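Me: I'd like to walk through this one with you, a few questions at a time. Could you take me through it?

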Amino acid sequence: MIVALALVRVAEMIDNRGWMPSPEHLDVLIVGAGLSGIGAGYHLQSRCPEKTYAILEARDCIGGTWDLFRYPGIRSDSDMYTLAYGFRPWTEVNAIADGPSILRYVRDTAREHGIERHVRYHHRVVRAEWSTAAARWTVEAERSDSQETVQLTCGFLLMCSGYYRYDEGYTPDLQGTGRFTGVIVHPQQWTPEIDYAGKRVVVIGSGATAVTLVPAIARHAAHVTMLQRSPSYIVSLPAEDPIAAALRRFLPARVAYSLTRWKSILVTMLSFQLSRHRPELMKALIRKAIARQLPLGFDLDPHFNPSYSPWDQRLCLVPNGDLFKAIRTGRASVVTDEIDTFTETGLALASGAELEADLIVTATGLNLLALGGMQIAVDGRDVELPKTMSYKGMMLSGVPNLAIALGYTNASWTLKCDLTCGYVCRLLKHMDAHRYRQCTPRRDPSIAERPFIDFSSGYVLRSIDKFPKQGSKAPWRLYQNYPRDILSLRFGAIEDGAIAFGPASPAPGARARTPSPSTRASSRPRSSRRWRLRDAPRMAAVAPRRRSPARSLRRRGRAGPPR
């Protein structure tokens, strides 16, 4: 009864006075429990074990991209020796792994290292406001399971939410879709109920998703057509890395993994640099490799002759040439044309040709979304992301105590995210050592602006104006160079002149540090000490001495003897 009355009283206080309990405070909040978010949790608890942290995840499980995408054949577009974490070697045979294997790897990592207990599911972060006076973020999240809005505060905010929309993919304005009597689906909305066995399937697109879907669907469909407006560069790699297999036979597992990882890094760098400096040579090498895997006399133009240079867009990987095998066996074909309109039975093309289909898959790309759609504000003023500049590819000018984990465009996603998380830990330890409470990159007006992502892919060009800028030189430029970033992020100076550090007033509710007796008097101005000594008697008279409840009761004869 007493407890019930107390709860009623608390409810009345909330209604009548607007009183609410203080939000839970953590040292670090991580947003996103995908590949990079779980990696961030590991780095934080291993390098800064004194820090409290939580991971806010909008979905109901760990995995991010690898849980979201369920379409046939889903797999990595980087080798697993670089996509996997540096601290937990990839031990499976396949270098190009399927989605379920990657998802299992991420979840096993979270469980083995105790990271999953820090994950709070159904928390979609919608807003974060920084207070310079309090030196903390107030983060607002909407709970999808209870429909309530919750607030938490943190000293540092680490975004690991990727850069595309999870709720919808990109579909261009296609005419006549309502006339089609079959099924139309975007890969991002694929469900297990979609049946393609024995069906005629058209996959619209030419990127990584399309070249993954076609051979996977071709195993069971009557026929699959990859309809592309323009082709992409496609490179075949062995599903099992022979060098990695040889190293595992003769060397300890961790040594073999490290060597294989660096081999993959250097090969990718060589490919990228060759594409930048000798694009025609790289084109010829890719074209020759494709010709060897297609039927004799197959016309590579226009189906495998992109109009741009290699690495102007990301290369598409196919393990063991599975796409080319599907074409050789006649189970798949490629058509390069534009869509005029959907018809009742398929697609009418600009050339006048028609494609009949029972199922049409629109593998037409992603919608980019900066910061997962979260709005940020600093001291009551909303931050306009396009007016900020990226510092070291992870922080934003004018935005304190916030970092963003984003991967490379020309290499594995995890390589850069690992470096970012390691740098954040260095930064936090540096701030603790100097008793700093905030760090803010300060933009140099003399630095010229450049697009944040230097890629010509459609999904980038459609949304790049909503992202921060990068600068023309370090530390504001993204070099997309792993060895260079190692030197900068692992060994470079924290205080480099581009980032401002400073103390802040104690946060509300924080316990102030008590000066030691030897410094208490010396830390106070002399005039202040004289004032306090002179006015002490008057202050004592004004402020009556407080008695304990037990002592007051004894004076009134209502208490027992002192214990």
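Reply: Happy to. One term before we start: two strands count as paired if DSSP finds at least two bridges between them. Keep in mind that this is a predicted model.

Me: Then how many bridges join β13 to β14, and which residue stands opposite Ile339?

Reply: β13 covers residues 339–342 and β14 covers residues 346–349, and the two run antiparallel. They make a hairpin with 3 residues between them. The number of bridges joining them is 3, and opposite Ile339 in β14 stands Leu349.

Me: What about the overall make-up: how many helices and strands does the protein have?

Reply: Of the 563 residues, 47% are buried. Among contacts with a separation of 6 or more, 70% are between residues 24 or more positions apart. The protein has 16 helices and 25 strands.

Me: Which strands pair with β6, and in which sense, parallel or antiparallel?

Reply: β5 and β6 run antiparallel and are joined by 6 bridges, with Ala141 opposite Val150. β1 (residues 24–31) pairs with β6 in the parallel sense over 7 bridges, and there Glu24 has Leu152 as its bridge partner. The pairing of β6 with β21 (residues 402–404) is parallel too, over 3 bridges, and it puts Leu157 across from Leu402. So the list reads β5 antiparallel, β1 parallel and β21 parallel.

Me: Why is β6 described as largely enclosed by the rest of the structure?

Reply: A residue is buried when its relative accessible area is under 20%. β6 runs over residues 149–159, and it is largely enclosed because the buried residues number 9 of the 11.

Me: Which residue in the turn between β5 and β6 has a positive phi?

Reply: These two strands form a hairpin with 5 residues between them. The phi in question is about 65 degrees, and the residue that has it is Gln147.

Me: Arg136 sits in β5. Is Arg136 buried or exposed?

Reply: Its strand takes in residues 136–143. Its C-alpha is separated by 9.1 Å from that of Asp27, 109 residues apart along the chain. The cut-off for buried is under 20%, and Arg136 has 17% relative accessibility, so the verdict is buried.

Me: And where is Met374, and what separation in Å do the C-alpha atoms of Met374 and Val126 have?

Reply: Met374 is in the loop between β16 (359–362) and β17 (375–378), and is buried with a relative accessible area of 5%. Beyond four places away in sequence, Met374 touches Val125, Val126, Arg127, Ala128, Leu157 and Met159. Val126 is 248 residues apart from Met374 along the chain, yet the C-alpha separation is 4.5 Å.

Me: Which residues of α6 are buried?

Reply: This helix spans residues 208–218, and 9 of its 11 residues are buried, so the rest of the structure largely encloses it. Those buried are Ala210, Val211, Thr212, Leu213, Val214, Pro215, Ala216, Ile217 and Ala218.

Me: Last one, on the cavities: which residues lie nearest the centre of the largest cavity?

Reply: The model has 4 cavities of 30 Å³ or more, and about 120 Å³ of space lies in the largest. Its lining divides into 13 nonpolar residues, 3 polar and no charged. Of the 16 lining residues, those nearest the centre are Leu371, Ile404, Leu406, Phe452 and Pro468.

Definitions and conventions:
Residues numbered from 1 in each chain as written. Predicted model: local features only at pLDDT ≥ 70, side-chain atom pairs only at ≥ 80, totals over all residues. Heavy atoms only, no water. 1 Å grid on protein atoms, 1.4 Å probe; cavity = no way out; pocket = protein on both sides within 12 Å on 5 of 7 lines; lining within 4 Å. Points joined across faces, edges and corners; volume = space filled by probe spheres on them. Nonpolar A, V, L, I, M, F, W, Y, C, P; charged D, E, K, R; others polar. Helix = DSSP H or I, 4+ residues; strand = E, 2+ residues; numbered from the N terminus. Buried < 20%, exposed > 50% of the residue type's maximum accessible area, 1.4 Å probe, protein only. Contact = heavy atoms within 4.5 Å.
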